[in-house]
Amino acid sequence: MSDHVTPPFGKFPTVRPALDLRDELVGPVAEALGRWDAPEAAGSVLYVETDPEKADTAVFCETYDAPLEYSANCVVVAAKRGGETTLAACVVLATTRLDVNQAVRKHLGARKASFAPMDAAVEETGMEYGGITPVGLPAGWPLLIDEQVAAAPHVLIGSGRRRGKLILPGAALAALPGAEVVPGLAVAVVESSAVEA
């Protein structure tokens, strides 16, 4: 078994193939890895041990020497159409922000789209808030992936809990069941032009 694995970026105390420790992962994530119909994609997923107290993106990147441009966020969105609400997951790079009002709403054909309430996201996914990942989402959920994420050589995403993260190729994310790559799903974050005194 591979005890020593070198991650494509960052400095983490423990790095292991996620398939080697499915019994330690959150249930939905472990199940998804085991039944993924793309074995090479499942085999490319690495699990890195991290401190849940350092889960905030900026602190995390500094602590583990992880480039912000390789960090991705999985955002749960509630799309309303008629009297029905559909939950969907969207994956965007941490250097961008999800275009909920335009791109997501239009793509899902919804009248209104907004960030899902925290308790609903946690209950429906069976994952911890702050660690929700696209690997192991409920069956039937739309999974929208920004084209920049799909094109990235590797991205760092949640593992289903606040402790630990997953690293995998962007192409593997795009190969998840039900995943759709959506151009323009995210927009660039405009840096504030404040001048330091």
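Visitor: How much of the contacts with a separation of 6 or more comes from residues 24 or more positions apart in the chain?

Guide: Some contacts join residues that stand well separated along the chain. In this predicted model, residues 24 or more positions apart account for 66% of the contacts with a separation of 6 or more.

Visitor: What does the chain contain in the way of helices and strands?

Guide: Count the elements before looking at how they are arranged. Here there are seven helices and eleven strands. The radius of gyration is 16 Å, close to the 16 Å of the globule rule for 197 residues, so the chain is as compact as a globular protein of that length. Along the principal axes, the C-alpha atoms fill a box of roughly 55 × 50 × 30 Å.

Visitor: What share of the residues is buried?

Guide: A residue counts as buried when its relative accessible area is under 20%. By that cut-off, 47% of the 197 residues are buried. The accessible surface of the chain is about 10000 Å², and carbon and sulfur atoms hold 50% of that area.

Visitor: Which residues of helix H1 are buried, and which are exposed on the other side?

Guide: Look along the helix axis and see where the buried residues point. In H1 (residues 27-35), Val29, Ala30, Ala32 and Leu33 are buried. These residues lie on the same side of H1 because they cover an arc of only 165° around the axis. Glu31 and Arg35, on the other side of H1, are exposed. Among the elements covering the buried residues of H1 are helix H2 (39-43) and strand S9 (165-168).

Visitor: In what order do the four strands of the open sheet with S9 stand?

Guide: Read a sheet from one edge to the other. The order is S1-S2-S9-S8, with antiparallel pairing. Strands S1 (15-17) and S8 (155-158) each have a single partner strand, so one side of each is left without a neighbour in the sheet. From one strand to the next, the twist averages 30°. Three bridges join S1 to S2 (residues 46-48); Pro17 has Leu46 in S2 as its bridge partner.

Visitor: How is the sheet of five strands paired?

Guide: Its pairing is mixed, and the order is S6-S3-S4-S7-S10. The edges are S6 (112-115) and S10 (179-182), each with a single partner strand, so one side of each has no neighbour in the sheet. Strands S4 (residues 84-93) and S7 (residues 143-146) pair in the parallel sense over three bridges. The bridge partner of Cys90 in S7 is Leu144.

Visitor: Which helix lies across this sheet's strands, and at what angle to S6?

Guide: Helix H4 (residues 100-107) lies across S3 (72-81), S4, S6, S7 and S10, and runs at about 120° to S6.

Key
Residues are numbered from 1 along each chain as its sequence is written. This is a predicted model: local features need pLDDT of at least 70, side-chain atom pairs count only at pLDDT 80 or more; totals for chains, interfaces and linings use all residues. Side-chain values use heavy atoms; hydrogens and water are left out. Two strands pair if DSSP finds at least two bridges between them. Helices (H or I, at least four residues) and strands (E, at least two) are DSSP runs, numbered from the N terminus. Axes are lines fitted to C-alpha atoms, for helices over the stretch in contact, and angles run from 0 to 180 degrees between N-to-C directions. The radius of gyration is taken over C-alpha atoms; the globule rule is 2.2 Å times the number of residues to the power 0.38. Buried means under 20% relative accessible area, exposed over 50%, partly exposed in between (1.4 Å probe, protein chains only). Contact means heavy atoms within 4.5 Å. Accessible areas come from the Shrake-Rupley method with a 1.4 Å probe; for residues, only the protein chains shown count as cover. The arc is that of the directions from the helix axis to the C-beta atoms.
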